[in-house]
Amino acid sequence: MQPKKIILYPLMAALMLGAWAMVPNSVQQAAAQVTEEDEERFRGRFARIDTNANSVTTRSEYTIYRVSTFNRMDTNANGVLDLPEFRDQGRKPSERRAARRTKSFERIDQNGSGGVEREEWDGYADRRFVRMDADKDNEVSFVEFVAYVK
Ligand SMILES: [Ca+2]
Ligand SMILES: [Ca+2]
Ligand SMILES: [Ca+2]
C-alpha cells in the first residue's frame, strides 16, 4: 500500500483563512487521500487553469483557459471542433485516450451536429466549473480541483 500524504499547503492556507470548515467533508476526505506523486501531477494540471498561480482559479481565469483551449484545438479555425480536432489535439493519442475523448465529444455535442460549437464547449466548461466549486464561492481551489479530478 502506498503511503498517504495530506496536502499540507492548501489545507493550512484554508485553515488560516478560516475557510476549511466551509469545504464539504467529501472534498476534505478526497483531498486527504492524495499521494505525493499524485499531488505533483495534479499541481501541473491545476497550473494550466490557475494562471496567476495563487492556488485558486477564478471564473475569469477559467474563461481564459476555456477560450484558449478551444482555439488551440480548433486547428482549422472554423469555430467548430470536429472529432479529429478534439480527439487528436495535434498528435495521435493512445487508443484508450482516443476512446475516452470520443465519448466526451459525443456528450458535449448536445445537438448531435457532429461538431462541438463554441456554445456547446462553453456550456460544458461552465458546468464543469460549477461541479468543481464544491463550496460554491465561485472559485475553484486546488483542493476542490483535486477532489474533482482524482
Ligand atoms: Ca475546426
Ligand atoms: Ca454540436
Ligand atoms: Ca470554491
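**Note on the cores and helix packing of the predicted model**

1. In this predicted model, the largest nonpolar core holds 14 residues, and those touching the most other members are Ala31, Phe142, Val143, Phe145, Val146 and Ala147. Two elements, helix 7 (118-132) and helix 8 (142-149), each give two or more residues to this core. Helix 8 gives the most, with 5 residues.

2. Phe145 merits separate mention. Beyond its neighbours within four places in sequence, Phe145 is in contact with Phe42, Phe46, Met132 and Val140. A second core, separate from the one described above, has 5 residues, among them Phe70, Phe86, Val116 and Trp121.

3. As to the overall architecture, the chain has 8 helices and 4 strands. Read from the N terminus, the order of elements is α-α-α-β-α-β-α-α-β-α-β-α. The chain has 150 residues, of which 19% count as buried. Of the contacts between residues at least 6 apart in sequence, 56% join residues at least 24 apart.

4. The packing of helix 4 (residues 59-73) against helix 7 can be described as follows. Their axes come within 10 Å and cross at roughly 140°. An angle over 145 degrees would count as roughly antiparallel; helix 4 and helix 7 are therefore oblique to each other. Their crossing is right-handed.

5. On the helix 4 side, this contact is made by Tyr62, Arg66 and Phe70, and on the helix 7 side by Arg118, Trp121, Asp122, Ala125 and Phe129. By class, 5 of the contact residues are nonpolar and 3 are charged, with no polar residues. Phe70 and Trp121, which take part in this contact, also belong to the second core.

Notes
Residues are numbered from 1 along each chain as its sequence is written. Chains are lettered from A and ligands numbered from 1 in the order in which they are written. This is a predicted model: local features need pLDDT of at least 70, side-chain atom pairs count only at pLDDT 80 or more; totals for chains, interfaces and linings use all residues. A nonpolar core is a set of buried Ala, Val, Leu, Ile, Met, Phe, Trp, Tyr and Cys residues joined through C-beta atoms within 7 Å. A residue is buried if 20 or more other C-beta atoms lie within 10 Å of its own, exposed if 12 or fewer, and partly exposed in between; C-beta atoms are placed from the backbone. Two residues are in contact if their C-beta atoms, placed from the backbone, lie within 7 Å. Axes are lines fitted to C-alpha atoms, for helices over the stretch in contact, and angles run from 0 to 180 degrees between N-to-C directions. Angles under 35 degrees count as roughly parallel, over 145 as roughly antiparallel, 65 to 115 as roughly perpendicular and the rest as oblique. A crossing is left-handed if the near helix is turned anticlockwise from the far one by less than a right angle, and right-handed if clockwise. Ala, Val, Leu, Ile, Met, Phe, Trp, Tyr, Cys and Pro count as nonpolar, Asp, Glu, Lys and Arg as charged, and the others, Gly among them, as polar.
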